[in-house]
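Open the model in a viewer and keep the sequence panel visible. The stops below are given as selections, each followed by what is there.

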Amino acid sequence: MSQGDYFFLIFLGTIAISRLFVAFKVKAPTLGSFRVRHYMYGVILILVAIFLKNITLFAISLGLILDELPVILIKGPGTKDEAWHGCEDYKAAWCVAGVFILTLLVFVFRNSILGLL
């Protein structure tokens, strides 16, 4: 298995697991009134992954970010609940299609993406 294939499997698994959390309506943790979204973990992890040059962490962090990217682009960063409808936005056809397209792009460019490390 090439490094690009390994990267993509971890990336795809991260999206699948985060979608399972959405399906079971697991609430995001809050700090006071601030709701911590999974892309926020991804942003922190991607910095660590680049610093450590770790493919696994890089794939996980990119999966967390890209899973939420369609919602961020349409609804904003989602730090206030009134902007989003919770898990319902993740299940919308436009969001699922957006994640599918982004996943397809990551698959096609998986070896080039690893060049960022």
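Start by selecting H38, which lies in helix α2; helices here are DSSP runs of H or I with at least four residues, strands are runs of E with at least two, and both are numbered from the N terminus. This is a predicted model, in which local features need pLDDT of at least 70 and side-chain atom pairs count only at pLDDT 80 or more, while totals for chains, interfaces and linings use all residues. Residues are numbered from 1 along each chain as its sequence is written, and side-chain values use heavy atoms, with hydrogens and water left out.

**Stop 1: H38 and helix α2**

H38 has a relative accessibility of 17% and therefore counts as buried. Buried means under 20% relative accessible area, exposed means over 50%, and partly exposed is in between (1.4 Å probe, protein chains only). Add E68 to the selection: its side chain and that of H38 are joined by a polar contact of 3.2 Å. A polar contact is a pair of N or O atoms within 3.5 Å; within protein, one must be able to donate a hydrogen and the other to accept it, and residues adjacent in sequence count only if both atoms are side-chain atoms.

Now extend the selection to residues 38-52, the whole of helix α2. Which residues of α2 are buried? They are H38, Y39, M40, G42, I46 and A49. What distance separates the end C-alpha atoms of this helix? They are 21 Å apart, which agrees with the 21 Å that its 15 residues should span at 1.5 Å a residue. The expected span is 1.5 Å times one less than the number of residues.

**Stop 2: K53**

Step on to K53, which follows α2 and sits in the loop between α2 and α3. Its phi is near 55°, a positive value in a residue other than glycine. Most residues other than glycine have a negative phi. At 58% relative accessibility, K53 counts as exposed.

**Stop 3: the salt bridges**

How many salt bridges does the structure hold? There are two, a salt bridge being a side-chain nitrogen of Lys or Arg within 4 Å of a carboxyl oxygen of Asp or Glu.

Select D5 and R110 for one of them; the closest N and O atoms are 3.0 Å apart. D5 lies in helix α1 (residues 3-23) and R110 in helix α6 (residues 110-114), so the pair ties together parts that are 105 residues apart in sequence. D5 is partly exposed, with a relative accessible area of 30%, whereas R110 counts as buried at 17%.

Then select R19 and D67, whose side chains meet in a salt bridge at 2.7 Å, N to O. R19 is in helix α1 and D67 in helix α3 (residues 55-75), so this pair ties together parts that are 48 residues apart in sequence. Both partners count as buried: R19 at 19% relative accessibility and D67 at 0%.

**Stop 4: the aromatic rings**

Show the rings of F7, F8, F11, F58 and F107, which ring pairs link into a cluster. Rings of Phe, Tyr and Trp (its six-membered ring) pair if their centres lie within 6.5 Å; planes under 30 degrees apart count as stacked, over 60 as edge-to-face and the rest as tilted. By this rule the count comes to four aromatic pairs.

One of these pairs is F7 with F11, which is stacked, at 6.3 Å centre to centre with 20° between the planes. Both residues lie in helix α1, four residues apart, about one turn of the helix. F7 counts as buried at 0% relative accessibility, and F11 is also buried, at 0%.

The rings of F8 and F107 have centres 5.0 Å apart and planes at 65°, so this pair is edge-to-face. F8 lies in helix α1 and F107 in helix α5, so the pair ties together parts that are 99 residues apart in sequence. F8 counts as buried at 11% relative accessibility, while F107 is partly exposed at 36%.

**Stop 5: the nonpolar patch**

Keep F107 selected and add F100, I101, L104, L105, V108 and F109: together these residues make a nonpolar surface patch of about 700 Å². Patches are made of residues with over 30% relative accessible area and no salt bridge; like charges are joined within 9 Å, and nonpolar side chains (Val, Leu, Ile, Met, Phe, Trp, Tyr) within 5 Å. Accessible areas come from the Shrake-Rupley method with a 1.4 Å probe, and for residues only the protein chains shown count as cover. Within the patch, L104 is found in helix α5 (residues 93-108) and is partly exposed, with a relative accessible area of 47%.

**Stop 6: K91**

Finish at K91 in helix α4 (residues 87-91), which counts as partly exposed at 40% relative accessibility. Draw a distance from its C-alpha atom to that of A23: the two are separated by 8.4 Å, with their positions 68 residues apart along the chain.
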